[in-house]
Structures are given as structure tokens and as C-alpha cells.
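Biologist: I should be grateful for a close look at one part of this structure, set against the chain as a whole. Please state the cut-offs behind each term as it arises.

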Amino acid sequence: MSYTFKRNIFGFMDLLRFKKMVPARRKIFENGSAAPLQETYRVNETAAVLHPGYQTAVLEKIESRTSDTKTFTFALSKPVFFRAGQYVTVGCLVDGSEVSRPYAVTSAPLRGLERELTVTVKKCGFFSSYLFDRAKTGDSFIIGDPSGEFYYEGLKDAPQVVALAGGSGITPFYSMAQAIRDGTEDFSLTVIYGARTEQDLIFKKELDALGDNRIRVVYVLSDETKDGYESGFITKDLILRTVHGDFTVMMCGPEPMYRHLEKELEPLNLPAKRIKKEANCVGIRDVPDKTFSLTVTTGDSTVTVPAVAGETLLVAMERAGLKVPARCRAGGCGFCHSRLISGDFIIAGNDKRRLADKKFGYIHPCCSYPDSDMALEVPPCP
């Protein structure tokens, strides 16, 4: 088979323009100003606010909320921009190990631009218990970039959001309520907040003070009956009695609450994009007590550390004092993305790796547990 090519006059014109390009550029340079370039530009200054990276922060206030929750207020070294509902990592050196955990931001986005940020912590687990029992005002911490996709998206979410909260899962919704009040978010928010007793409700006084035609809170108590409160658990019928019309559901709370609500929401036939669930950190696996060896290579350094079967590979590295990347601790963000060299493992919950990660042998140590001796290639911590 043969092809016939035709010459196009426009091709020669392109060659002519190309020939003139270098002389024209030289002429522009010759006529340019000799003044030095600016040291900084607004776009760079804006990018520094949007992506501040890790920064130091000083703990300036601790407030008790309930018997097992406290709010920690940090003075930041840089302003930070975030969407109401996002989380940050909070970390420090604990008994020789660099440890961090993700926490939903409690404060309003405007306060981040004023170099102040708060998180509310439930006493549960190693680092949260450290904050609860040992942290004191004046201590220095490392705060990571705001992260996560648990926030209002106007292009796909309904103008009305139904927030289903359980226990300390109220924290991102309190931030959203403040953002609506401040005018940085524009949607109506109905919070259905479940807790065991009235004493377990966090931010009740603050939420009640924020209530208006755009913000409404309904409280549900499972372990006591009181006037002004719903009793039992959050149900489909309660949701339908509380809200009308089109809405997006956002859930934040413990895993048993999610399992219950998934069944309650099923008859509503909501589109998948209208249901958002905040991921929980992976916890301890209930398996027989056994310890494996974990060989970790980072750059040109290789070390071997113990790894307990019931704890994630990330926790094993942290316990050994290794500085490793960590952010969501739920397998979703990919920040701890590491290459599996050898060994068997099991993943907690859903396997959120990309297809390419599975094909080329990458795992997320934050949600992977050892089932044998293992070897990993872990990226350096930024």
C-alpha cells in the first residue's frame, strides 16, 4: 500500500515563523529592563498559605469538654488555609519516637488564617492518651498540611447537608457550622448528633448558640430519656422527620455507627455521591500474640525492627523510633505508600490501593498488618 503526501503552504509559513523566533527573542531581551526581579510574587505568597507544609506550633490552651475529651488550641508559626471538615496531623517526640495522629480541625477556617487552630481529642490509643494525660501548655508540636475530602462540594452536593455525628464525630461539623456563620461556606446544615448521655455531648452550648435558619441541631441520647432530646439511635424515620427535600448525608463517628446507618440509609435510595463517610484510623487487630521481624529500607539505610501481629506496620516502625511518613492512617491518602519487598500481610477494612499499586507491589503500612517476616522500601519522611 502506498501513500501520497501533499505539500501544504501553511507548513512553510510555520518554518518561516520558527526561523524568526530566535532573533525576535534576542531583541526583546536587549530592550528589557535591567531592574532585578521581585524577590516574591503574590502567587508564591498565596501558594505558601495554601500549602504551608509541616510547621511548628505551640500548645497555648487545653479545655476539658467531657470526661474523656479535651480541646487543644495551637498557635501556628504560619497561617493555614483549610476547608471546614478537613483534618491535620499533630505530632511530637514521645518517649524517643516521632509519633503523629490525624485529627479533624475543630476551629473555623478563618482562625487558621490568623495562625490559630484547634483539635478535639478523645482519650483512646497511644498518642491521644499522651495528649490527654501528658501534654501541657507551652509544649511544641508539628502540625501537617490540612488534608482530606470530607467537606462540602457545591458542584455535587445538595444545598442541604444532613450531618450524622456520633460522639467525638461532631468535631468536623462544629467547624462547618462556624464556617457557615462566618460566611466562608454557603449551605444549610442539619446536625443529628448521637451520644450516650447528655454529659457526653461535646460543644452543645456552642452549637446551640450557632443555631439559626441555616444551622439546626437535633440531639439523640441512647442511654437516657430526657425532655428536649430524641431517644435511642439515629434512624431513617428520624432523618425523614427532621429534613425535607434534596440533601447530602455526611457521617462521622465510630465504625458500629456506620454499619447501623448504612442499613438505615439504604431505603432512601440516595445516589452514592450524596453519602460521605469520614474514614476512621485503623486500630489494633484481635489476633494471637506473635512478633515478626520487619526490615525497613529508606534511601541507603536498612534496619530491622520487631512487628507485632496485632499492630500495623506503621505502628511497628514508630515504636522503633523510625521517622516515617504518615497522615490519614486509614489507607486513603497514600502518603505512606511503600514498596513490598517480601512477606505476607493483611489489610484492615477495604483495600483502597490503586490497581497499579497492587500490580507493582505497593502497600499502605498504616492499614497493613504483618502475617510473616516482612521487608519494605519506605519513602523518606518530608
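Modeller: The chain has ten helices and 19 strands; these are DSSP runs numbered from the N terminus, with H or I over at least four residues for a helix and E over at least two for a strand. The model is predicted, so local features need pLDDT of at least 70 and side-chain atom pairs count only at pLDDT 80 or more, while totals for chains, interfaces and linings use all residues. Residues are numbered from 1 along each chain as its sequence is written, and side-chain values use heavy atoms, leaving out hydrogens and water.

Of the 382 residues in the chain, 43% count as buried, meaning under 20% relative accessible area, with exposed over 50% and partly exposed in between (1.4 Å probe, protein chains only). Contacts are heavy atoms within 4.5 Å; among those between residues at least 6 apart in sequence, 70% join residues at least 24 apart.

The part I have chosen is helix α8, which spans residues 255–265. Its buried residues are M257, Y258, L261 and L265. They lie on the same side of α8, because they cover an arc of only 95° around the axis, an arc taken from the directions from the helix axis to the C-beta atoms. The cover over these buried residues includes strands β7 (160–166), β11 (248–252) and β12 (275–277), together with helix α7 (236–242).

Two residues of α7's span recur around V218, a residue of strand β9 (residues 215–221). V218 counts as buried because its relative accessibility is 11%. L238 is 20 residues from V218 in sequence and 9.7 Å away in space, C-alpha to C-alpha. T242 is one of the residues that V218 touches, along with V191, I192, Y193 and E230, not counting residues up to four places away in sequence.

Elsewhere, five strands form an open sheet of mixed pairing, in the order β14-β13-β19-β15-β17. Strands β14 (301–308) and β17 (362–363) are at the edges, each with a single partner strand, so one side of each has no neighbour in the sheet. Two strands count as paired if DSSP finds at least two bridges between them. Strand β15 (residues 338–342) pairs with β17 in the antiparallel sense over two bridges, and R339 stands opposite Y362 in β17.
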